[in-house]
Structures are given as C-alpha cells and as structure tokens.
Amino acid sequence: MTHSDDSWRARLRTDQPHSARVWNYLLGGKDHYPVDSSAGELILQNFPQIAAIARQQRAFLKRAVRFLTAEAGIRQFLDIGTGLPTADNTHEVAQRIAPDSRVVYVDNDPIVLAHAEALLRSTPEGACAYIDADARDTGRILARAADTLDFTRPVGLIMLGIMGQLPDSEEPGRVVKEFVDALPSGSYVALSDGTDTSEGLRTAIAAYNSQSANSYHLRSPEQIGSFLGGLRLVEPGLVRTAQWRPDQEAAGIDPEDDHAVSAVAVKE
C-alpha cells in the first residue's frame with residue numbers, strides 16, 4: 001500500500017505525539033517517531049505504571065476475544081480504535097478458535113492505515129477489512145462495515161481506550177449507543193478505558209495532552225460504566241482490567257497499579 005496523497009502526509013504529523021504511536025512505544029514496539037518516544041518517556045516519568053496498563057489492555061483484548069469466540073459463539077467483530085498491529089490482534093485470536101470469524105477494523109490514525117496490511121491477513125474461511133474513519137462517524141462506519149459483516153447476526157464490538165479519546169463535549173456515551181443500537185440482540189461490547197483514580201496518572205496525561213496532536217480524557221469508573229447502560233454485564237462486571245477473568249498473563253500486575261477498568265456486556 002502506498003501513500004502519495006499530500007493530505008495523508010499532512011495527517012501523519014511527525015512533529016507532534018500521536019496516541020497510537022505513543023501507545024506502541026509504551027508496548028515496546030518500533031512504529032513511532034522520536035516525538036512519540038519523548039512523550040512516552042514523559043508519561044513514564046510521571047507514572048511508571050503506564051506501561052503495565054498498556055500491556056494489560058492488550059492482554060484484556062485477548063481474553064475478551066477468546067471469551068466472545070469460544071464461549072459466546074461470536075463470529076463477527078467490529079474493532080473501533082484498532083491501534084497499531086501487534087501480536088494477537090483481534091482476527092488472529094478469533095480465527096485461531098473459529099477460522100470463519102470476520103473482523104472489521106476501524107481507525108483514523110494515518111500510521112495505522114500505513115500498517116493496515118498486517119490487519120488484513122485473514123484465514124481463507126474468514127474475512128478482514130479496514131475502515132479509515134473517526135469513531136464519531138458512526139453512520140459511515142456501520143455502512144462500510146456492512147460490506148463485511150452481517151448485522152442481522154450478533155457482532156462483538158471492541159472499544160478499548162477509544163472513549164478516552166473523546167471529551168465529554170463529544171458525547172462519548174452517545175457514540176457507544178449509536179453503535180449498540182445498530183447491533184442485533186445477542187451482540188456484545190468489550191470496553192476498556194483509563195480511570196482518574198491516580199494523581200500520578202492524571203499528571204502524566206495532563207503533560208501528554210499539553211503537547212499531543214490528540215488528547216486523552218480520564219474518567220471515573222462510574223462514568224466509564226455508564227457507557228454500557230442498558231446492557232447486561234458479563235461476570236465479573238466492570239472491574240480493574242487485570243481482574244477481568246484473569247489468566248497467568250494478568251497475574252503479574254499489582255491491582256493498586258491498575259488504573260483502568262474493563263467490562264464485557266451483552267445486548268439482550
């Protein structure tokens with residue numbers, strides 16, 4: 001995939017930190033620029049536990065997708081705010097269990113778009129697609145996703161760290177509701193976001209927001225949980241990320257350092 005379009009180059013903005021690239025740095029990846037690693041180091045200086053939170057969110061993705069595929073029988077996934085490809089992306093986890101799983105990824109970060117090929121390596125039985133769109137553009141996303149997903153059958157909606165990208169003025173709860181309203185009964189939502197429960201994390205995010213091309217908005221666990229209003233939470237409900245159906249990978253984090261919450265909920 002080549003990108004010669006000047007508008008795409010303008011979106012890349014290598015002079016300012018970008019959330020997907022900073023997150024990649026915190027996860028130990030290589031797809032970032034010096035400005036992103038500098039922002040990552042600034043966050044780490046203020047809140048060293050941020051790297052553990054980043055790893056825990058990826059680990060939650062794997063646990064949630066395994067649950068949705070193996071236990072809930074979901075075979076279709078809409079992953080909003082995909083981030084940069086890494087090990088065990090949604091389609092890889094799902095298709096290991098059910099090769100016929102179909103996955104649509106959505107992100108509007110140009111560097112994610114540049115690496116989209118890695119997200120499209122589906123099994124022959126299944127399918128993968130990528131949509132370059134902002135999460136707030138729900139109508140366009142749903143229309144494009146319908147080319148790959150059958151919205152008369154249950155879908156697993158994945159929204160990890162994406163609501164924190166939207167300020168309250170953008171009505172993140174409305175965005176979630178618009179997606180959920182388009183899904184049939186039996187669909188699930190997996191959601192995770194950082195909480196405002198640590199002074200160190202609040203300081204780190206404020207420093208990041210002061211220089212980044214986009215900002216992150218920490219919220220209380222209660223506010224994050226409200227995005228799943230009207231849905232039935234799957235056990236153990238809305239909990240700290242490492243405590244959601246923990247496996248061996250989740251066991252190594254001190255719960256006191258886990259300032260993010262996660263949940264999986266079903267539309268009945």
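Which side chain meets that of Arg 245 in a salt bridge? I will come to that pair in a moment, after a word on what we are looking at. This is a predicted model, in which local features need pLDDT of at least 70 and side-chain atom pairs count only at pLDDT 80 or more, while totals for chains, interfaces and linings use all residues. Residues are numbered from 1 along each chain as its sequence is written, and side-chain values use heavy atoms, with hydrogens and water left out.

Now to the pair. Arg 245 meets Glu 71 in a salt bridge, with 3.5 Å from N to O, a salt bridge being a side-chain nitrogen of Lys or Arg within 4 Å of a carboxyl oxygen of Asp or Glu. This pair links distant parts of the chain, since Arg 245 sits in the loop between β7 (239-240) and β8 (260-266) and Glu 71 in helix α4 (residues 50-71), 174 residues apart. Helices (H or I, at least four residues) and strands (E, at least two) are DSSP runs here, numbered from the N terminus. Arg 245 is partly exposed at a relative accessible area of 29%, whereas Glu 71 is exposed at 59%; buried means under 20% relative accessible area, exposed over 50%, and partly exposed in between, with a 1.4 Å probe and protein chains only. The backbone of Arg 245 also deserves a look, because its phi is near 40°, a positive value in a residue other than glycine. For context, most residues other than glycine have a negative phi.

By the rule I gave, the count comes to 12 salt bridges, and I will pick out a few more. Asp 168 pairs with Arg 219, the closest N and O atoms being 2.9 Å apart. Asp 168 lies in the loop between β4 (156-160) and α8 (172-181), and Arg 219 in the loop between α9 (199-209) and α10 (221-226), so the pair ties together parts that are 51 residues apart in sequence. Asp 168 counts as exposed at 53% relative accessibility, but Arg 219 counts as buried at 4%. In the loop between β4 and α8 we also find Glu 171, whose phi is near 55°, again a positive value in a residue other than glycine, and which counts as partly exposed at 46% relative accessibility.

Within helix α8, Glu 178 and Arg 174 lie four residues apart, about one turn of the helix, and they form a salt bridge with the closest N and O atoms 2.9 Å apart. Both ends are partly exposed, Glu 178 at a relative accessible area of 29% and Arg 174 at 33%. Elsewhere, Lys 62, Asp 88 and Arg 96 are linked in a network of salt bridges.

What does α8 pack against? Helix α7 (residues 138-145) and α8 pack at an angle of about 25°, with their axes 10 Å apart. Axes are lines fitted to C-alpha atoms, for helices over the stretch in contact, and angles run from 0 to 180 degrees between N-to-C directions. The two helices are therefore roughly parallel to each other, where angles under 35 degrees count as roughly parallel, over 145 as roughly antiparallel, 65 to 115 as roughly perpendicular and the rest as oblique. The contact, meaning heavy atoms within 4.5 Å, is made by Thr 138, Ile 141 and Leu 142 of α7 and Val 175, Glu 178 and Phe 179 of α8.

Val 175 is buried, with a relative accessible area of 0%. Leaving aside neighbours within four places in sequence, Val 175 is in contact with Ala 135, Arg 136, Thr 138, Met 163, Leu 166 and Glu 170. The C-alpha atoms of Val 175 and Phe 227, 52 residues apart along the chain, are separated by 9.0 Å.

A second helix pair is α3 (residues 34-46) with α9, whose axes come within 8 Å and cross at roughly 160°, which makes α3 roughly antiparallel to α9. Residues in that contact include Leu 42 and Ile 43 of α3 and Ala 204 and Tyr 208 of α9.

I will end with one peptide bond, the cis bond that joins Glu 235 and Pro 236, where omega is about 10°. Pro 236 lies in the loop between β6 (232-233) and β7. In general, most peptide bonds are trans.
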